[in-house]
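Student: I am new to this structure and should be grateful for a close look at a single part of it. Please set that part within the whole.

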Amino acid sequence: MSRAQESGEVRADLTLEDLHCLITMVTAVAGTHWPRYLALLLDGLSPAAVSAPLPNAG
């Protein structure tokens, strides 16, 4: 993931734990519409989508 962050492909503040949670969410609730929700999530991981830092996971 660090290579993707360094090359600007994904947000710099993305963590491996974030990815695990996102995958779990998509597979748990999306049903047959999972491609739509996966695309929405992937768009949100783009550095171009960053409008503010992510809140702490707490």
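Tutor: The account below begins with the whole chain and then turns to one residue in a loop, followed by some points for contrast.

This is a predicted model, in which local features need pLDDT of at least 70 and side-chain atom pairs count only at pLDDT 80 or more, while totals for chains, interfaces and linings use all residues. Residues are numbered from 1 along each chain as its sequence is written, and side-chain values use heavy atoms, with hydrogens and water left out.

The protein contains three helices and zero strands, where helices (H or I, at least four residues) and strands (E, at least two) are DSSP runs numbered from the N terminus. In sequence order the pattern is α-α-α. Along the principal axes, its C-alpha atoms occupy a box of roughly 35 × 25 × 20 Å. Of its 58 residues, 12% are buried; buried means under 20% relative accessible area, exposed over 50%, and partly exposed in between, with a 1.4 Å probe and protein chains only.

The part chosen is Arg11, found in the loop between H1 and H2. Arg11 counts as buried because its relative accessible area is 7%. Beyond its neighbours within four places in sequence, Arg11 has contacts (heavy atoms within 4.5 Å) with Gln5, Gly44, Leu45, Ser46, Pro47, Val50, Ala52, Pro53 and Leu54. For the protein as a whole, of the contacts between residues at least 6 apart in sequence, 53% join residues at least 24 apart.

Another arginine offers a contrast. Arg3 belongs to helix H1 (residues 2–6), and Arg3 counts as exposed because its relative accessible area is 72%.

On the other side of the loop in sequence stands helix H2 (residues 16–29), whose 14 residues should span 20 Å at 1.5 Å a residue; the end C-alpha atoms are 20 Å apart, so the two values agree. The expected span is 1.5 Å times one less than the number of residues. After H2 comes Gly31, with a positive phi near 55°.

Finally, the surface carries a nonpolar patch of Trp34, Leu38 and Leu42, with about 290 Å² of accessible area together. Accessible areas come from the Shrake-Rupley method with a 1.4 Å probe, and for residues only the protein chains shown count as cover. Such patches take residues with over 30% relative accessible area and no salt bridge, joining like charges within 9 Å and nonpolar side chains (Val, Leu, Ile, Met, Phe, Trp, Tyr) within 5 Å; a salt bridge is a side-chain nitrogen of Lys or Arg within 4 Å of a carboxyl oxygen of Asp or Glu. Leu42 sits in helix H3 (residues 34–45), and Leu42 is partly exposed because its relative accessibility is 49%.
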